[in-house]
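Let's take a friendly walk through this model, starting with a pair of charged side chains and working outwards to the fold as a whole.

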Amino acid sequence: MTEPVPADQAAPGRDRTGPTELAGPTDPAGWLTLPDVAERLDLPISKVHQRIRDRELLAVRRDGVRRIPADLVANETVLKHLPGVLNLLADAGYDDEAVLRWLYEPDDTLPGTPAVALGGDLAREVKRRAQALGF
């Protein structure tokens, strides 16, 4: 398994095969490629693709490669409330990039960002806030 992409390498430049993709200021510090996630979760790569399609995982392109924020895959599992939050935000009309921005936007009422709060005691509050966006 490879190490997560450092923040300075996560901000892509010009991709030889496509347009410039810029990492946002609220992007996570660590990234995992899909094969890394498959290895971490002990799943075939096809199951990782299925989890992305089923909105159980969030993947965005960085430097032409689909990557998943490392802190959304805790140890050998996906954060418990992540699939629910991803589905709520998708139902509210958010695309994957907008979901990423929402998860990593600093929030003074949470300890850091919604993504950080999903890994702790405030996960249900994050889910409630995502649900409120649909109304």
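In this predicted model, R129 and D107 meet in a salt bridge, with their closest N and O atoms 2.7 Å apart. R129 sits in helix 7 (residues 123-132), while D107 belongs to the loop between helix 5 (96-104) and helix 6 (114-118), so the bridge ties together parts that are 22 residues apart in sequence. With a relative accessible area of 22%, R129 is partly exposed.

Helix 7 has another charged pair to show you. R128 forms a salt bridge with E125, and here too the closest N and O atoms are 2.7 Å apart. What separates R128 and E125 along helix 7? The two residues are three places apart in that helix, which means about one helical turn lies between them. R128 is partly exposed at 45% relative accessible area, and E125 counts as partly exposed at 24%. Put the pairs together and you have a network of salt bridges that links D107, E125, R128 and R129.

How many salt bridges does the structure hold? The count is five. One of them joins the side chains of E56 and R51, at 3.6 Å from N to O. E56 has a relative accessibility of 28% and counts as partly exposed; R51 is partly exposed as well, with a relative accessible area of 27%.

Here are the three pairs described so far, side by side.

| Nitrogen side | Oxygen side | N to O distance |
|---|---|---|
| R129 | D107 | 2.7 Å |
| R128 | E125 | 2.7 Å |
| R51 | E56 | 3.6 Å |

Now for the fold. The protein has seven helices and five strands. Reading from the N terminus, the order of the elements is α-β-α-α-β-β-β-β-α-α-α-α. Of its 135 residues, 40% count as buried. Among contacts between residues at least 6 apart in sequence, 59% join residues at least 24 apart. The accessible surface comes to about 7,700 Å², and carbon and sulfur atoms account for 49% of that area.

Helix 5 is a good place to look at the packing. Which of its residues are buried? They are A98, V99, L100, W102, L103 and Y104. These buried residues pack against a list of partners: strand 1 (31-33), strand 2, strand 3, helix 4, helix 6 and helix 7.

One of those partners, helix 4 (residues 82-91), deserves a closer look. The axes of helix 4 and helix 5 come within 10 Å and cross at roughly 125°, and the two helices are therefore oblique to each other. The crossing is right-handed. On the helix 4 side, the contact is made by L82, V85, L86 and L89, and on the helix 5 side by V99, W102 and L103. V99, W102 and L103 are also among the buried residues of helix 5.

Just before helix 4 you will find H81, in the loop between strand 5 (77-78) and helix 4. Is H81 buried or exposed? At 12% relative accessibility, H81 counts as buried. Leaving aside residues up to four places away in sequence, H81 touches L118, A123, R124 and K127. L118 falls in helix 6 (114-118), and A123, R124 and K127 fall in helix 7 (residues 123-132).

Finally, a word on backbone geometry. Most residues other than glycine have a negative phi. Against that background, R55 and D63 are worth a visit. Phi of R55 is near 60°, a positive value in a residue other than glycine. R55 lies in the loop between helix 3 (45-53) and strand 2 (60-62), and its relative accessibility of 37% makes R55 partly exposed.

D63 also has a positive phi, near 55°, and is likewise a residue other than glycine. You will find D63 in the loop between strand 2 and strand 3 (65-69). With a relative accessible area of 36%, D63 is partly exposed.

Technical notes. Residues numbered from 1 in each chain as written. Predicted model: local features only at pLDDT ≥ 70, side-chain atom pairs only at ≥ 80, totals over all residues. Heavy atoms only, no water. Salt bridge = Lys/Arg side-chain N within 4 Å of Asp/Glu carboxyl O. Buried < 20%, exposed > 50% of the residue type's maximum accessible area, 1.4 Å probe, protein only. Helix = DSSP H or I, 4+ residues; strand = E, 2+ residues; numbered from the N terminus. Contact = heavy atoms within 4.5 Å. Areas by Shrake-Rupley, 256 points an atom, 1.4 Å probe, with all protein chains shown as cover. Axes fitted to C-alpha atoms, helices over the stretch in contact; angles between N-to-C directions. Parallel < 35°, antiparallel > 145°, perpendicular 65-115°, else oblique. Left-handed = near helix turned anticlockwise from the far one by under 90°.
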